[in-house]
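Me: Could we walk through this one together, a question at a time? I'd like to see how its helices and charged side chains are arranged.

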Amino acid sequence: MKMTQHSAEISSALRKASVRLRRKNALVSVIAAMVVLVGGVSFTQASVNASVKPKPHGDSRLDEIQRRGYIRVCTPGDYRPFALRQADGSYDGLDVTMVDDLAKALEVSVRYVPSPWAALVPTFTAQKCDIAVGGISVTLARQKDVFFSKTVLVNGKVPLTRCENASKFQTIADMNKPTVKAITPPGGTNEAFARANLPLADLIIWPNNITIFDEIVAGRADVMVTEATEAVVQSKIHPELCAVSPDKPLQYGELGYMLPKGDIIWKEFVDQWLHLLVASGQFQKFYDAEVK
């Protein structure tokens, strides 16, 4: 009987101790939770403060351009209808009109940096320019070193040849023959396309992208593969030449503007500017004035 009473007393004491322990643990847990919560809030607030803290002046090319008062533009300057350098050193073309509009939005002037196709990416990555224009094809190889703006034009590669030979050069297989003299300027996507797709053709590397069309007109070359837009424009300049199926390109392509890799702020500004030009219809007016 005494053992039973003693056991009951022990059991009661244990229950009370357990209750006290649970209350103590609960209190500790609440305190710990409050510490974590306060710490979390403090950390979160610090993160917010850090995220909204203005970036140091000049972190983005956007800040730098506005501070210096002019935008530096890389371009080969040999590609109608996008950018063509004149004898007096001035430039004209669709992308030149576009750059003028961009400079107006930034309230700065424009300075061009002549950059041949073969040296375009190295010149740009050496930070000699803020943007590169002039009918530049978007490629994954270039994307490794630079950012690209939103698409300016959807384009594609098509043959350009004398009109009497248009029926002979409808496909890549038609041109990929030892008897065909294909011609291309060096350093750009036209050369890359020719080397990849016309290995059997007699490939002529012509150093001047302005006089290259005269070689086809004169019969010293049979065909050139280039962007549909350029092929159409050159067929208007040289009536002897015809763009073959410009609405059905041999290869899909896009044109865009090169921007510094990693500079999201500058890219977003350029992309927004492009978006507004397209949405407002102003880009189409620029295009029609230069191409049609």
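Reply: Happy to! Helices here are DSSP runs of at least four residues, numbered from the N terminus. Bear in mind that this is a predicted model.

Me: How many residues apart are Arg 61 and Glu 64 in helix 2, and what does that separation amount to?
Reply: Both residues belong to helix 2, which covers residues 61–68. An α-helix has 3.6 residues a turn, so residues three or four places apart point the same way. Arg 61 forms a salt bridge with Glu 64, with their closest N and O atoms 4.0 Å apart. The two are 3 residues apart, so their separation is about one helical turn.

Me: Which residues are linked with Arg 61 in a network of salt bridges?
Reply: One link in helix 2 is the pair just described, Arg 61 with Glu 64. Another is the salt bridge between the side chains of Arg 68 and Asp 130, at 2.7 Å from N to O. Since Arg 68 lies in helix 2 and Asp 130 in the loop between helix 4 and strand 6, that pair ties together parts 62 residues apart in sequence. The network joins Arg 61 with Glu 64, Arg 68, Arg 72 and Asp 130.

Me: Is Asp 130 buried or exposed?
Reply: A residue counts as buried under 20% relative accessible area. Its partner Arg 68 has 21% and is partly exposed. Asp 130 has a relative accessible area of 0%, so the word for it is buried.

Me: Which side chain of opposite charge is nearest to Glu 230?
Reply: Glu 230 sits in helix 9, residues 228–237. Of the 10 residues in that helix, 7 are buried, so it is largely enclosed by the rest of the structure. Glu 230 is buried too but has no salt bridge. At 7.4 Å, the nearest side chain of opposite charge is Lys 157.

Me: Where two helices meet, helix 3 and helix 11, what is the handedness of the crossing?
Reply: The axes of helix 3 (residues 94–106) and helix 11 (residues 282–291) come within 9 Å and cross at roughly 145°. Leu 94, Thr 97, Met 98 and Asp 101 meet Phe 283, Phe 286, Tyr 287 and Glu 290 there. These contact residues divide into 5 nonpolar, 1 polar and 2 charged. As for the handedness of the crossing, it is right-handed.

Note on methods: Residues are numbered from 1 along each chain as its sequence is written. This is a predicted model: local features need pLDDT of at least 70, side-chain atom pairs count only at pLDDT 80 or more; totals for chains, interfaces and linings use all residues. Side-chain values use heavy atoms; hydrogens and water are left out. Axes are lines fitted to C-alpha atoms, for helices over the stretch in contact, and angles run from 0 to 180 degrees between N-to-C directions. A crossing is left-handed if the near helix is turned anticlockwise from the far one by less than a right angle, and right-handed if clockwise. Contact means heavy atoms within 4.5 Å. Ala, Val, Leu, Ile, Met, Phe, Trp, Tyr, Cys and Pro count as nonpolar, Asp, Glu, Lys and Arg as charged, and the others, Gly among them, as polar. Buried means under 20% relative accessible area, exposed over 50%, partly exposed in between (1.4 Å probe, protein chains only). Lys and Arg count as positive and Asp and Glu as negative; His and the chain ends are not counted.
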